[in-house]
2 protein chains.
Amino acid sequence: MNVLGRHLLLELRECNPTYLDDLEYVKEVMVGAAQSVGAQIIGESFHQFKPQGVTGVLAIAESHISIHTWPEWGYAAADIFTCGTTVDPQEAAQILIEKLESTRPYMTEIRRGVEVPDLVSIP
Amino acid sequence: MNVLGRHLLLELRECNPTYLDDLEYVKEVMVGAAQSVGAQIIGESFHQFKPQGVTGVLAIAESHISIHTWPEWGYAAADIFTCGTTVDPQEAAQILIEKLESTRPYMTEIRRGVEVPDLVSIP
């Protein structure tokens, strides 16, 4: 079996906490990132938590993009999972990093659908 | 920052391929797994692809559960991301493994929201 999917795990640290608690902004960023890289959105679910935090999941024809935010920590965990070669997940990741103003992001790429997943840390 | 989330990456290999191409069955398994472990479903998106394959994403109050299937390989990539301590992601993982009849699963747990994500392979 070849690699079937590329899965980016984004640790978005030191983000702008105001953005992380703003559902409409988070949604705009996620949808914008998906569209910018040519992903086809086929489903979405966004939720505002109280007292704080947002969860957003986009199902895309190429797999999914998700985010969970902790404004109190200035932190968000985002995942960009793509199959096929039409969408570059790292391009989408850069958009999330910039728009959420993460000054200390950490990115890991995991190749899915291989015999044993291998982990590549991206400095 | 403490660990904010537990993220299980499930490589479901050698599944029953018929199940993997059956949206209703996959949905039943995913929703059932979420409910069994006490997760609160807050959104869902399921899609059947042609010629084959299913994508399913559940937004849960505790984060998300997703699956992407490749019936032609008998393979599915599932993710179970939970925050808090009320839901045990490994219990949900066992349900997916059993219900999709994966005879050769591989599970990795990644702790999210720590300074540098650490990866724990589960034999």
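Visitor: Is A:R112 buried or exposed?
Guide: Keep in mind that this is a predicted model. Buried here stands for a relative accessible area under 20%. A:R112 comes in at 1% relative accessibility, so the label for A:R112 is buried.

Visitor: Which residue of chain B forms a salt bridge with A:R112?
Guide: Follow the strands across the two chains. One partner lies in strand β5 of chain B, while A:R112 lies in strand β6 (residues 104-112) of chain A, so the pair joins two chains. The closest N and O atoms are 3.1 Å apart. The partner has a relative accessible area of 0% and is buried, and its name is B:D79.

Visitor: And B:R112, which residue in strand β5 of chain A does it pair with across the chains?
Guide: B:R112 sits in strand β6 of chain B, and the pair crosses to strand β5 (residues 75-83) of chain A. B:R112 is buried, with a relative accessible area of 1%, and its partner counts as buried at 0% relative accessibility. The closest N and O atoms of this salt bridge are 3.1 Å apart, and the partner is A:D79.

Visitor: In which other salt bridge does the side chain of B:R112 meet a residue of chain A?
Guide: Side chains of opposite charge can pair when their charged atoms come close. For this salt bridge the N to O distance is 2.4 Å, and the side chain that B:R112 meets is A:E11.

Visitor: How many salt bridges does the rule find across the interface of chain B and chain A?
Guide: A search of the whole structure gives 14 salt bridges over all chains. B:R112 with A:D79 is one that crosses between chains. Across the interface of chain B and chain A, the rule finds four.

Visitor: What area is buried between chain B and chain A?
Guide: The size of an interface is often given as the accessible area lost when the parts come together. Here the contact takes 39 residues from chain B and 39 residues from chain A. Carbon and sulfur atoms give 66% of the buried area, which is about 3200 Å².

Visitor: How many residue pairs are in polar contact across that interface, and which strand of chain B gives the most to the side that touches chain A?
Guide: The rule finds 16 residue pairs in polar contact across the interface. On the chain B side, β1 (5-13), β2 (41-48), β3 (54-60), β4 (63-70), β5 (75-83) and β6 (104-112) each supply at least two residues. By class, that side has 22 nonpolar, eleven polar and six charged residues. With six residues, the strand that gives the most is β5(B).

Visitor: How far apart along the chain are B:R6 and B:D88?
Guide: Their side chains meet in a salt bridge, at 4.0 Å from N to O. B:R6 is in strand β1 of chain B, and B:D88 is in the loop between β5 and α3 (89-99) of chain B. B:R6 is partly exposed at 28% relative accessible area, and B:D88 is partly exposed at 32%. Along the chain, the two are 82 residues apart.

Visitor: How many disulfides are there over all chains?
Guide: A disulfide is a covalent bond between the sulfur atoms of two cysteines. The sulfur of B:C15 has its closest cysteine sulfur in A:C83, 16 Å away, which is too far for a bond. B:C15 is also buried, with a relative accessible area of 8%. Over all chains, the count of disulfides comes to zero.

Definitions and conventions
Residues numbered from 1 in each chain as written. Chains lettered and ligands numbered in written order. Predicted model: local features only at pLDDT ≥ 70, side-chain atom pairs only at ≥ 80, totals over all residues. Heavy atoms only, no water. Contact = heavy atoms within 4.5 Å. Buried area = accessible area lost by both parts, 1.4 Å probe. Polar contact = N/O pair within 3.5 Å; in protein donor to acceptor, adjacent residues only side chain to side chain. Helix = DSSP H or I, 4+ residues; strand = E, 2+ residues; numbered from the N terminus. Nonpolar A, V, L, I, M, F, W, Y, C, P; charged D, E, K, R; others polar. Disulfide = S-S within 2.5 Å. Buried < 20%, exposed > 50% of the residue type's maximum accessible area, 1.4 Å probe, protein only.
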